[in-house]
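Biologist: I'd like a close look at the buried inside of this chain, and at what its side chains touch in there. Take your time and join the pieces up as you go.

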Amino acid sequence: MKQGACLASIVLCLQAALAMAEVPIAVSPGDSRLSTPIESRCPTFSWGALPEARAYELVVFELAEGDPGGLSAETVAESAPVALWTEIPAAALSWTPASGDCLARGGRYAWFVRALGGPDLGWSEAKLFEVQAAPSLEEVEGALDTLRRYLGESSEGEAGSGVAALAAAIKEGTESNPEATGAETADPESMGAPEIAIRGVTDSIADQSVGVQGEATGATGIVDGVRGSSSSANGTGVRGTSSALDGVTAGVWGGASSPFGFGGFFFNLGLGVPGGTGLYTSGALNASPDLILAGNFFWPEADQDDGRIHSDPLYPSSDLVLQSNNSVQIELDSDGDGENSDFTVVDKDGQTLFNVDSDGITFIDGDLFLNGEPQGGLLSIAEVEDLIDLAIEQHLAEEHPKIVFVTSAIYTGNLGGLSGADDKCQDLASGAGLLGTFKAWISGSSTSEEARDRMSQADVAYRRVDFVKIADDWADLIDGSLAAPINVDQNGNTVVSTLTAYTNTDSNGAIHESGRECGLNPGNEWNTSDMFASGGYGTVGATGSTWSWVTNNGCDNQRRLYCVQQ
């Protein structure tokens with residue numbers, strides 16, 4: 001390379017060439033707007049001729065980063081080092097650097113040319129390019145020729161043997177697939193053949209053949225063997241195709257050896273635009289699977305050979321949605337071994353909620369009650385149907401049980417007498433759609449006004465509004481204990497178990513011996529809210545004798561009523 005006077009002070013030379021009457025046009029390599037990738041480390045620089053030129057001066061700057069499109073030679077010279085400089089006679093319109101002066105791989109460059117010999121002749125527009133990191137086809141073939149000579153194998157060696165076979169494979173692959181060597185690809189806006197950055201092709205008939213393989217051995221962080229992304233509306237980040245007719249074939253194969261790794265990680269970066277797809281798979285035939293989750297593929301005898309589908313583990317609020325245009329079909333025991341081929345739905349604690357075994361028997365979580373008793377464990381559909389039939393039979397056998405509820409409303413001791421208490425029960429029952437006549441479980445001041453004498457005494461069961469049994473019949477109702485507390489109101493709502501209800505009645509239905517009925521005068525019971533008068537009451541949540549009588553207190557206190565269907 002020539003070492004002219006301008007090489008020692010290239011910046012001063014560039015600053016001296018300001019306004020220009022006419023400048024040569026730089027042709028190649030490179031582009032004036034974006035950095036263009038090239039293969040050769042020793043590219044040929046070419047430009048257009050100027051009639052008045054006696055010689056041409058060419059300079060190449062090495063750029064640190066970015067694509068400074070539109071910058072002048074003077075501006076670039078202020079910060080970028082000179083990679084090449086030369087003077088060329090006017091008769092030449094191209095120049096190729098010697099092998100010892102070739103550019104570095106992976107470098108980014110800007111070059112300029114100007115004519116020498118005329119006044120005020122300026123520099124051309126910048127041309128930007130970068131030398132690809134991968135070797136060119138010519139460099140690969142040169143390296144192979146060196147190997148042939150070293151190994152004693154001629155460049156005309158038999159196809160399929162040693163280095164000659166390798167050379168033939170590389171040449172065939174790169175010539176038929178220019179994308180594999182980093183050659184320029186089609187316009188991204190084109191809707192024709194897909195733009196391909198890297199393509200690997202193999203037609204080997206060996207047991208295992210791989211078109212493209214990527215491996216990452218990093219110990220921590222995000223380490224990807226092969227990563228592909230596409231921002232095009234119709235683009236594909238990674239595309240794999242297998243056309244083998246036999247054996248284990250896969251368009252894309254992914255594996256992870258880390259316990260927290262992903263064999264395949266696919267996502268749709270839709271940025272709010274609906275319709276994107278994270279993973280799209282398609283089988284060749286209707287009977288072939290579109291997606292296989294291999295589980296512990298290399299250890300088929302492992303205790304858990306699971307193919308697992310999870311929602312995003314990084315986002316606990318992410319949902320897993322299974323959506324189909326038609327039916328969703330789940331086939332159990334496709335291998336016919338009859339072992340552990342169940343379809344099971346479990347909760348976050350691993351508790352089975354729904355299960356179908358390989359014989360088609362369906363089970364559900366047994367949170368069902370019969371006669372107030374939980375039927376726990378997993379129940380088959382047949383068992384559930386039997387329980388329903390049994391409940392219906394028992395209901396019909398009872399000839400319509402009597403309904404008992406505690407009022408949702410609260411009252412002072414001024415109930416309007418016994419008849420007023422009965423009216424309050426009837427109004428609430430009718431408002432809730434309960435049929436029949438209802439009376440309050442409450443006694444007056446005389447034996448003729450005891451609750452047991454005011455009630456019809458049925459031979460059928462007594463049940464709450466939610467159909468939970470209180471007693472088998474009247475005798476069971478007044479025997480001193482209940483099968484379940486009367487803590488459900490006329491609407492089926494459960495009330496606080498520590499609340500109380502006015503009764504003045506023992507659990508056997510008789511007036512309590514102390515007789516406390518919120519009356520200031522005999523025969524005037526349940527007609528005052530005076531704090532100095534007292535009324536007896538029971539505890540709503542109790543099942544022992546205290547459900548009907550606990551003690552008595554001032555009639556200004558607000559309490560509920562028990563109501564019984566007649």
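Modeller: Let's settle "buried" before anything else: it means under 20% relative accessible area, with exposed being over 50% and partly exposed in between, using a 1.4 Å probe and protein chains only. This is a predicted model, where local features need pLDDT of at least 70 and side-chain atom pairs count only at pLDDT 80 or more, while totals for chains, interfaces and linings use all residues. Residues are numbered from 1 along each chain as its sequence is written, and side-chain values use heavy atoms, with hydrogens and water left out.

Start with Glu-57. Because its relative accessibility is 1%, Glu-57 counts as buried. Glu-57 is part of strand β4, residues 55-63; strands (E, at least two residues) and helices (H or I, at least four) are DSSP runs numbered from the N terminus. What does the side chain of Glu-57 make a polar contact with? One partner is the side chain of Trp-85, at 2.6 Å, and the side chain of Arg-114 is another, at 2.9 Å. By polar contact I mean a pair of N or O atoms within 3.5 Å; within protein, one must be able to donate a hydrogen and the other to accept it, and residues adjacent in sequence count only if both atoms are side-chain atoms.

Arg-114 falls within β7 (108-116), and β7 takes us to β8. β7 and β8 run antiparallel, joined by four bridges, whereas β2 and β8 run parallel, with three bridges. Strands count as paired if DSSP finds at least two bridges between them. Phe-129 of β8 has Thr-36 standing opposite, and Tyr-109 stands opposite Phe-129 too. Four of the five residues of β8 (127-131) are buried, so the rest of the structure largely encloses this strand.

There's a disulfide in this part as well, meaning a pair of cysteine sulfur atoms within 2.5 Å. Cys-42 and Cys-102 form one, with their sulfurs 1.2 Å apart. Its S-S torsion is about -50°, so this disulfide is left-handed. Cys-42 sits in the loop between β2 (36-38) and β3 (45-47), and Cys-102 in the loop between β6 (94-95) and β7, so the pair ties together parts 60 residues apart in sequence. Both of these cysteines are buried.

Now jump along the chain to β15 (402-406). Five of its five residues are buried. Lys-402, Val-404 and Val-406 point one way from β15, and Ile-403 and Phe-405 point the other way. β15 runs parallel to β17 (462-463), with two bridges between them, and Lys-402 stands opposite Tyr-462 there. β15 also pairs with β22 in the antiparallel sense over three bridges, with Val-406 opposite Tyr-562.

Those strands bring us to the largest nonpolar core, which has 22 residues. A nonpolar core is a set of buried Ala, Val, Leu, Ile, Met, Phe, Trp, Tyr and Cys residues joined through side-chain atoms within 4.5 Å. Trp-441, Tyr-462, Ile-470, Leu-477, Ile-486, Trp-547 and Tyr-562 touch the most other members. β15, β18 (469-471), α9 (474-477) and β22 (562-565) each supply at least two residues of this core. Tyr-462 is worth a second look: beyond its neighbours within four places in sequence, its contacts (heavy atoms within 4.5 Å) include Lys-402, Val-404, Ile-470, Trp-474, Leu-477 and Val-564. Apart from the largest core lies another, of 20 residues, with Leu-418, Ala-421, Ala-429 and Cys-563 among them.

Cys-563 is also tied up in a disulfide with Cys-425, S to S 2.0 Å. This link is left-handed, with -75° about the S-S bond. Cys-425 is in helix α7 (417-431) and Cys-563 in β22, 138 residues apart, and both are buried. Another disulfide joins Cys-518 to Cys-555, also at 2.0 Å from S to S, and this one is left-handed at -105°. Cys-518 lies in the loop between β19 (500-502) and β20 (534-539), while Cys-555 lies in the loop between β21 (551-554) and β22, 37 residues away. Cys-518 and Cys-555 are buried too. The count of disulfides comes to three.

To put all that in context, buried residues make up 31% of the 566 residues in the chain, which has nine helices and 22 strands. Of the contacts with a separation of 6 or more, 57% are between residues 24 or more positions apart.
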